[in-house]
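Trainee: I've got a model open and I'd like to talk it through with you. Can we start with the strands and then move on to the ligand?

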Amino acid sequence: MKYVFGNWKMYLGYDESVGLAKDLAGQNFDTKKVTLAVFPSAISTKSITDELKNSSFMVGAQDAMWIPHGAYTGAVSAQMFKDIGCTYALVGHSERRHIFEEHSDTVRKKLEASLEAGLIPVLCVGETKEDKVADKRQYRLKKQLMSAFEGLSLSGRKLLIAYEPVWAIGTGDACLPEDAQDVIGWIKQEIMQYHLGEVPVLYGGSVTAQNVLSFTSILDIDGVLVGGVSTKKDECISLIRSVCS
Ligand code: PGA
C-alpha cells in the first residue's frame, strides 16, 4: 500500500475545490493499494469532507493552530479541523517554514496539537538548495527531526513524515528517485532513536503522473505528497491510477 496525498495549497477557490472533490469522489480507486487524502484550503475544508465522505479519499488540514479555541485572529485550530471530519494535518510544510517564518518550536507545537486533537500529523522536512550545495542536507534534516521528535511520546498514535527537498517543490526539478530512496532510508534510521515505532515516509517535490512510479516502486518510499498536479483533475486521476497499476 502506498500513500498518495494531494496538497492543494492556495491554488483553488471554493467552487473549484468543491468541483474537483466531486470529480474525485466519482472515481473508484483500489484502497488496498493506495491511501488517498487531499488537503484543501481552510475555507473549503468542511464542504470537501462532506463531498468525500463516502469516497476513497480522506481530508487533511494544510496548517493548524496549536491552541484549540481563543483570541487568535485568523487561525483555525487542529481541534476545529478534527471536528469537521479531517483525518490528517500537514505540519511544517516548507512554505509555512519559509514564507510564514515558522520556526521549529512552532512546528513542534503544531505537531503535538495535531496528535492531541486526534489528527495524524504529516511532518514535512527538507533541505534548501543552499544546504544541498554546502553538503548540509543531513545536518538540516537532523535538526528538523530532533526538534520535532525529541522527548515526544506517541502512545500508539500515528504519524507520517514527508521528505520534501525545498529546491524540488514547484520547480519541475524532482529529486532523483535513488537520492530520495537514500535520504528516506537515512531518515528511517535516524528516527529510530526517538522510539516512534513504524513511521511511513513519503517523498514530495515535483511529482507528476509521469514520474510517480519511479518513486512509489521503491520499497522504502511509502508514498508521495503531490502539490500542483493534485489540483488538476485528469493528471491527478492518472497519477493515482499509475500508483494503483
Ligand atoms: P509540488 O509541491 O508537487 O507542486 O512540487 C509539493 C508540495 O509542496 O507538497
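Mentor: Sure, and keep in mind that this is a predicted model. Start with isoleucine 161, which stands opposite valine 201 in E7.

Trainee: Which strand pairs with E7 over three bridges, and in which sense, parallel or antiparallel?

Mentor: Strand E7 covers residues 201–204, so valine 201 belongs to E7 by the DSSP runs used here. The partner strand covers residues 160–163, and three bridges join the two. Two strands count as paired from at least two bridges, so this pair qualifies. The partner is E6, and the sense is parallel.

Trainee: What do the eight strands close into, and in what order?

Mentor: The pairing is parallel here too. Neighbouring strands of this sheet are turned against each other by 25° on average, direction ignored. The eight strands close into a barrel, in the order E1-E2-E3-E4-E5-E6-E7-E8.

Trainee: Now the ligand. Which residue has a side-chain N or O atom 2.6 Å from an oxygen atom of the ligand?

Mentor: Among the 13 residues around the ligand, Lys9, His93, Glu164, Gly170 and Ser206 come nearest. Serine 206 offers a polar backbone atom, 2.8 Å from a ligand oxygen, and glycine 227 also uses a polar backbone atom, at 2.8 Å. The side-chain contact at 2.6 Å belongs to glutamate 164.

Trainee: How much of the ligand does the protein bury?

Mentor: The shell has four nonpolar, seven polar and two charged residues. Taken alone, the ligand exposes 280 Å². Of that area, the protein buries 97%.

Trainee: Last one, on the aromatic pairs: is the pair of phenylalanine 29 and phenylalanine 57 stacked or edge-to-face?

Mentor: The structure holds eight aromatic pairs. In this one the centres are 5.9 Å apart, with 85° between the planes. The pair links distant parts of the chain, 28 residues apart: phenylalanine 29 sits in the loop between helix H1 and strand E2, phenylalanine 57 in strand E3. Planes over 60 degrees apart give the class, so the pair is edge-to-face.

Conventions:
Residues numbered from 1 in each chain as written. Predicted model: local features only at pLDDT ≥ 70, side-chain atom pairs only at ≥ 80, totals over all residues. Heavy atoms only, no water. Near = heavy atom within 4 Å. Polar contact = N/O pair within 3.5 Å; in protein donor to acceptor, adjacent residues only side chain to side chain. Areas by Shrake-Rupley, 256 points an atom, 1.4 Å probe, with all protein chains shown as cover. Nonpolar A, V, L, I, M, F, W, Y, C, P; charged D, E, K, R; others polar. Helix = DSSP H or I, 4+ residues; strand = E, 2+ residues; numbered from the N terminus. Axes fitted to C-alpha atoms, helices over the stretch in contact; angles between N-to-C directions. Phe/Tyr/Trp six-rings, centres within 6.5 Å; stacked < 30°, edge-to-face > 60°.
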